[in-house]
Amino acid sequence: MPIKNADEGLKHVIGVPGLTLAIVNSTIGAGIFALPAIVSIEMGAFGIYGYVFCSIMLAAIMLCYAEIGCMVTTSGGSYAYVEAAFGIFPGYIVNWLYFFGWSILGSAALMNIIADSLTVLMPAFADPFNRAILFSILIGSIILINIRGAKQGIGFVKMITVIKLLPLLAIIIFGFNYVKGNNLSWEQVPSLKTFGDTMLILFFAFAGFETSLGVSGELKDPKRTVPMSIGLGGLIVLIVYMLLQTVTQGVL
């Protein structure tokens, strides 16, 4: 039975393009700049198929979110869905688990990857004090953008998504001509343990789309926007990931 949306006084300014790019942005994080190497080391060329396996697991989760997202249109995403089904306390628990497990620990890991990447070009970021300044600027900027409002926030998400995808697309486009067929061949299938351990790490690269649904109360026509955006966003992520792994594996 559909859940009626509470009147929160929010502006419904986010459509399919905005939510789709938000899903792509929250899923394709800094981790993808490091994960292809890990997958290649552990499984070689067979690692390309690992992305297909992860996408199948993710699709099962996405379908659930697409269905519940059409019925519960209040802001909050995952914890709003849990609260609608099981009550306030379970929703409270899920929300705090999300804040500690994903927002704090996950974001900390990604920001450290960003700092490590910048250290290659600017060794000053190896210093803990400089890293702290960088982290403060990143977090402070995001806070200010969110304070401005949903329209400005989704505009920034669109811009940062394009900026993030450009180097990845450049690797795919310009690296394709340097792919060597021998690098994409594999002689044996990795052991079940190796495959399972690597997939556990790789699946981290597919997580994060659910965080974008926290703005459900500001969506235009949620019954159309949520399923279409989840489907399009998931497809874009899979295509980018598989092409990136294929090119990097084929070149290196």
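How many salt bridges does a search of the whole structure find? In this predicted model, the search returns two. Each is described below, before the text turns to a pocket, a surface patch and a few individual residues.

The first pair to consider joins Arg131 to Asp116, with 3.0 Å between the closest N and O atoms. This salt bridge connects distant parts of the chain, as Arg131 sits in helix H6 (residues 128-148) while Asp116 belongs to helix H5 (residues 88-121), with the two positions 15 residues apart in sequence numbering. The partners can also be viewed by their accessibility. Arg131 has a relative accessibility of 13% and therefore counts as buried, the cut-off for that class being under 20%. Asp116, at a relative accessible area of 43%, is partly exposed.

The other pair is Lys193 with Asp197, whose side chains meet in a salt bridge at an N to O distance of 2.8 Å. Here both residues are found in helix H8 (residues 192-202), and their spacing of four residues corresponds to about one turn of the helix. Lys193 has a relative accessibility of 62%, so it counts as exposed; the threshold for this class is over 50%. Asp197 is partly exposed, its relative accessible area being 38%.

Pockets offer another view of the model. Rolling a probe the size of a water molecule over the atoms shows where empty space is left. The second largest pocket has a volume of about 220 Å³. Which helices each supply at least two residues of its lining? They are helix H2 (35-43), helix H7 (150-175) and helix H9 (222-251). Of these, H9 gives the most, with four residues. The residues that line the second largest pocket include Phe33, Pro36, Ser40, Leu168, Ile171, Leu244, Gln245 and Thr248. Sorted by class, the lining holds eight nonpolar and four polar residues, and no charged ones.

On the surface, a nonpolar patch is formed by Phe89, Tyr92, Ile93, Trp96, Leu97, Tyr98, Phe99, Phe100, Ile104 and Leu105, which together have about 1000 Å² of accessible area. One of these residues, Tyr98, is located in helix H5. The relative accessible area of Tyr98 is 31%, and Tyr98 is therefore partly exposed. Patch members need over 30% relative accessible area, so Tyr98, with its 31%, meets that condition.

Helix H8 also contains Ile201, which is partly exposed at 40% relative accessibility. Ile201 and Ile38 are 163 residues apart along the chain, yet their C-alpha atoms are separated by 8.8 Å.

The loop between H8 and H9 rounds off the picture with two residues, Asp221 and Ser212. Most residues other than glycine have a negative phi. Asp221, although not a glycine, has a positive phi of about 45°. With a relative accessibility of 46%, Asp221 counts as partly exposed. Is Ser212 buried or exposed? At 9% relative accessibility, Ser212 counts as buried. Ser212 and Thr119 are 93 residues apart in sequence, and their C-alpha atoms lie 30 Å apart in space.

Conventions: Residues numbered from 1 in each chain as written. Predicted model: local features only at pLDDT ≥ 70, side-chain atom pairs only at ≥ 80, totals over all residues. Heavy atoms only, no water. Salt bridge = Lys/Arg side-chain N within 4 Å of Asp/Glu carboxyl O. Buried < 20%, exposed > 50% of the residue type's maximum accessible area, 1.4 Å probe, protein only. 1 Å grid on protein atoms, 1.4 Å probe; cavity = no way out; pocket = protein on both sides within 12 Å on 5 of 7 lines; lining within 4 Å. Points joined across faces, edges and corners; volume = space filled by probe spheres on them. Nonpolar A, V, L, I, M, F, W, Y, C, P; charged D, E, K, R; others polar. Patch = residues over 30% accessible without salt bridge, like charges linked within 9 Å, V, L, I, M, F, W, Y side chains within 5 Å. Areas by Shrake-Rupley, 256 points an atom, 1.4 Å probe, with all protein chains shown as cover.
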